[in-house]
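The following paragraphs concern the cysteines of the structure shown here and the way in which they are, or are not, linked.

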Amino acid sequence: MATPSAATISLMVLLLVAPAVFAANYPISWTQGTNYDNWDSDKDLVAGDTITFEYGPSHTVNVVDKDAYDNCGSAAISKHSGGSSKITLEAGTMYFICPEGNHCADGMKLSVQVGDADTPSPPDTPTTPTTPATPATPATPPTPTSPATPTDPSTPTTPSKPSPPAGGTGAATSSVNMNFIVIGGSILLASLFAFLG
């Protein structure tokens, strides 16, 4: 088996680190008397994201199962205290309560739906495929002119340069460059998967 090159190892490290770099952190003020029923309704939580609970000295945060959430039970998967707790989310439904006194019964509990980090979220609205634009007809390049015949053979002349085609090529060049980037990236990823496979 061939030894992976430095570039391959670097790419593999980048692919492993990328999810952590792009993970989101959601701060929450963890207080008694607040209703957390719809806290995650406007959030797209995925595994690897974090929730940072900020709370006072009379509160704690327990990660619990559904039964302990529903019944404000004391059994905890993990317990957090100290006024600020950053908890990494896992795919599925996660449950959090404040087990102090009657805080949970007073509504100090939170359940969140967490998607799998590998599965992209569905779009909010269906998208309609777009029809590719018809490419423009390229402009005809001007006919080059013949260099002037020198009257004095010792005096060199420079032939005139043809003018660039009308219409510019900036957008086409940008599109072509983007295609090369997408194709090159696809080839690179395919090679990596073949190597790892």
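A disulfide is defined here as a pair of cysteine sulfur atoms within 2.5 Å. In chemical terms, a disulfide is a covalent bond between the sulfur atoms of two cysteines. The model is a predicted one, in which local features need pLDDT of at least 70 and side-chain atom pairs count only at pLDDT 80 or more, while totals for chains, interfaces and linings use all residues. Residues are numbered from 1 along each chain as its sequence is written, and side-chain values use heavy atoms, with hydrogens and water left out.

The structure contains 1 disulfide. Its partners are Cys72 and Cys104, whose sulfur atoms lie 2.1 Å apart. The link of Cys72 and Cys104 is left-handed, with -75° about the S-S bond. Cys72 sits in the loop between α2 (66-71) and β4 (78-80), and Cys104 in the loop between β6 (92-97) and β7 (109-114), so the disulfide ties together parts that are 32 residues apart in sequence. Helices (H or I, at least four residues) and strands (E, at least two) are DSSP runs, numbered from the N terminus.

The two partners can also be described by their accessibility, for which buried means under 20% relative accessible area, exposed over 50%, and partly exposed in between (1.4 Å probe, protein chains only). Cys72 is partly exposed at 28%, whereas Cys104 is buried at 5%. The backbone of Cys72 has a phi near 50°, a positive value in a residue other than glycine.

Why does Cys98 form no bond with Cys104? The closest cysteine sulfur to that of Cys98 is in Cys104, and the separation of 8.2 Å is too far for a bond. Cys98 is buried, with a relative accessible area of 0%.
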